[in-house]
Amino acid sequence: MANVVVVGAQWGDEGKGKIVDWLSERADVIARFQGGHNAGHTLVVDGEVYKLHALPSGVVRGGKLSVIGNGVVLDPWHLLKEIETIRAQGVSITPETLMIAENTPLILPFHGELDRARENQNSVAKIGTTGRGIGPCYEDKVGRRVIRVADLADAATLELRLDRALVHHDALRRGLGLDPIDRDGILAQLREVAAEILQYAAPVWKVLNEKRKAGKRILFEGAQGALLDIDFGTYPFVTSSNVIAGQAATGVGVGPGAIDFVLGIVKAYTTRVGEGPFPTELDDADGQRLGERGHEFGTTTGRKRRCGWFDACLVRQTCATSGVSGISLTKLDVLDGFETLKICVGYELDGKSLDYLPTAADEQARCTPVYEEIDGWSESTEGARSWADLPAQAIKYVRRIEELIECPVALVSTSPEREDTILVTDPFAD
């Protein structure tokens, strides 16, 4: 059976939640493989809105196993609160439907405090983090001082791991003018939630490999977008993990051979939250219109998203680094009514033409977009569920995007509703 990886192919907020939820009907397991609760996925099902941050988007479907993999960093208190919220909306979440990898790192309160303190004191160049502690937790993971889910089961190990972390963090806090960490308070908080978290703990790598042998379909869910990847994104204005498709295998404990199809989620225009370069950003009426029609506010932070025209150069680049097999084009309906649309087909940098975004930050900032114009359409695409429902000019726009990014369109999304989706190629087809 085919297994599918879903990744954002821009700066996040592409609509991954809806697409993962839509695809999850065809999957047996939905596995989240990186990021933290800085992600925000909004699902609209029969008019009911679900806002997910740590939970995989498949949880709203019954009869599926949802997995939080070791590539994720997990705030246990946030997770339990999110579970409570989703349960109140009528969704059943039990140890039979949710599994957390035993080697998943835990975000602790002092991670968030450090994250916010650094951002507030950074007068040189703010990164634009969500302040949720994701970056500091990944630092502790690499520094071999993080507390993992399995550590909650043994009191002696838990204290040892915490003491190792405090040696590092208290020294940092002194330099930032923060009070020392309340060791006993943190221990008490962890002990209070240990049993609740441990009921979901499991050797995810083993379970998923057994599922593969049994012919079950796995849907790997990423967070953020490829342009926020720690290696291939617009560094340093990036997240603290690898976002591209290759992380799917490492982030849950399966081999790269487990990946059969990579679906890149791509918005029909471009948005970005926070700081960093954005070649096609619009500071005019068109940008305002995109933001208003697209309801461009972050699910996690509520921050207004920056908006701009579709950048084919960037998407072609991310399709290459993630090995995208096909894209899902979302929010096509937001472009309804524009008389003229623009697509970025290249950049000008110091008098030279480029067909990719350079790595150096100063060069990225100096890149100016080269646009191709295409006629818009006056008819509505909202709610379209087949090619026949789309205006001819909208189809032309989609086809031109395919040509420019050198990757086929597999799905087209025309509203936040689950079923308002045009299926071109089934990623799960064997």
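The paragraphs below walk through the sheet, the cores, a helix and the ring contacts of this structure, which is a predicted model.

A good place to begin is the sheet. Ten strands make up an open sheet, and reading across it gives the order β7-β6-β5-β2-β8-β1-β9-β13-β17-β18, with mixed pairing. At its edges lie β7 (201-202) and β18 (421-423), each of which pairs on one side only. In general, strands of a sheet are held to one another through backbone hydrogen bonds, and they may run parallel or antiparallel. Both arrangements can be found here. Strand β2 (residues 29-32) runs parallel to strand β5 (residues 65-68), with 4 bridges joining them, and Ile30 stands opposite Ser66 in β5. With strand β8 (residues 218-221), β2 again pairs in the parallel sense over 4 bridges, and there Val29 stands opposite Ile218. By contrast, strand β17 (residues 409-413) and the edge strand β18 pair in the antiparallel sense, over 3 bridges. In that pairing, Val412 faces Ile422 of β18 as its opposite number.

Strand β2 also shows how side chains are arranged along a strand. As a rule, the side chains of a regular strand alternate between the two faces of the sheet. In β2, Val29 and Ala31 point one way, while Ile30 and Arg32 point the other way. Which of these residues are buried? All of them are, on both sides of the strand.

The next topic is the nonpolar cores. In soluble globular proteins, nonpolar side chains tend to be buried together. The largest nonpolar core of this model has 57 residues, and the members that touch the most others are Leu208, Phe220, Phe310, Ile327, Leu332 and Tyr397. Helix α12 (residues 392-405) supplies the largest share of this core, with 6 residues. A second core, separate from this one, has 37 residues, including Leu55, Leu98, Leu108 and Ile181. For a closer look at the largest core, Leu332 is a helpful guide. Leaving aside residues up to four places away in sequence, Leu332 touches Ala268, Trp377, Thr381, Leu390, Ala394, Tyr397, Val398, Val412 and Ser413. Among these contacts is Val412, the residue of β17 that stands opposite Ile422 in β18.

Helix α3 (residues 109-121) gives a view of how a helix is covered. This helix has 13 residues and reaches 19 Å from its first C-alpha to its last, close to the 18 Å expected at 1.5 Å a residue. Its buried residues are Phe110, His111, Gly112, Leu114, Asp115, Ala117 and Glu119. What covers the buried residues of α3? The covering elements include α4 (134-142), α5 and α6 (183-198). His111 counts as buried because its relative accessibility is 1%. Apart from residues up to four places away in sequence, His111 touches Leu106, Gly133, Pro136, Cys137, Asp140 and His169. Ala155 belongs to helix α5 (residues 155-176), and this residue counts as partly exposed because its relative accessibility is 47%. Although Ala155 and Arg191 are 36 residues apart along the chain, their C-alpha atoms are separated by 8.5 Å.

Last come the aromatic rings, of which 3 pairs occur in the structure. One of them joins Trp11 and Phe278 in a tilted arrangement, with 5.3 Å centre to centre and 55 degrees between the planes. Trp11 lies in the loop between β1 (4-8) and α1 (16-23) and Phe278 in the loop between β10 (270-272) and α9 (285-293), so this pair ties together parts that are 267 residues apart in sequence. With relative accessibility of 3%, Trp11 counts as buried, and Phe278 counts as buried at 8%. Another pair, Trp309 with Phe338, is edge-to-face, at 5.8 Å centre to centre and 75 degrees between the planes. This pair also links distant parts of the chain: Trp309 is in the loop between β11 (306-308) and β12 (310-311), and Phe338 is in the loop between β13 (326-330) and β14 (340-349), 29 residues apart. Both Trp309 and Phe338 are buried.

Rings can also meet charged groups. The charged end of Arg26 sits over the ring of Trp22, 4.4 Å from the ring centre. Likewise, the ring of Trp387 has the charged end of Arg399 over it, 4.7 Å from its centre.

Conventions: Residues are numbered from 1 along each chain as its sequence is written. This is a predicted model: local features need pLDDT of at least 70, side-chain atom pairs count only at pLDDT 80 or more; totals for chains, interfaces and linings use all residues. Side-chain values use heavy atoms; hydrogens and water are left out. A nonpolar core is a set of buried Ala, Val, Leu, Ile, Met, Phe, Trp, Tyr and Cys residues joined through side-chain atoms within 4.5 Å. Buried means under 20% relative accessible area, exposed over 50%, partly exposed in between (1.4 Å probe, protein chains only). Helices (H or I, at least four residues) and strands (E, at least two) are DSSP runs, numbered from the N terminus. Contact means heavy atoms within 4.5 Å. Two strands pair if DSSP finds at least two bridges between them. Rings of Phe, Tyr and Trp (its six-membered ring) pair if their centres lie within 6.5 Å; planes under 30 degrees apart count as stacked, over 60 as edge-to-face and the rest as tilted. A charge sits over a ring if NZ of Lys or CZ of Arg is within 6 Å of the ring centre and within 35 degrees of the ring normal. The expected span of a helix is 1.5 Å times one less than its number of residues.
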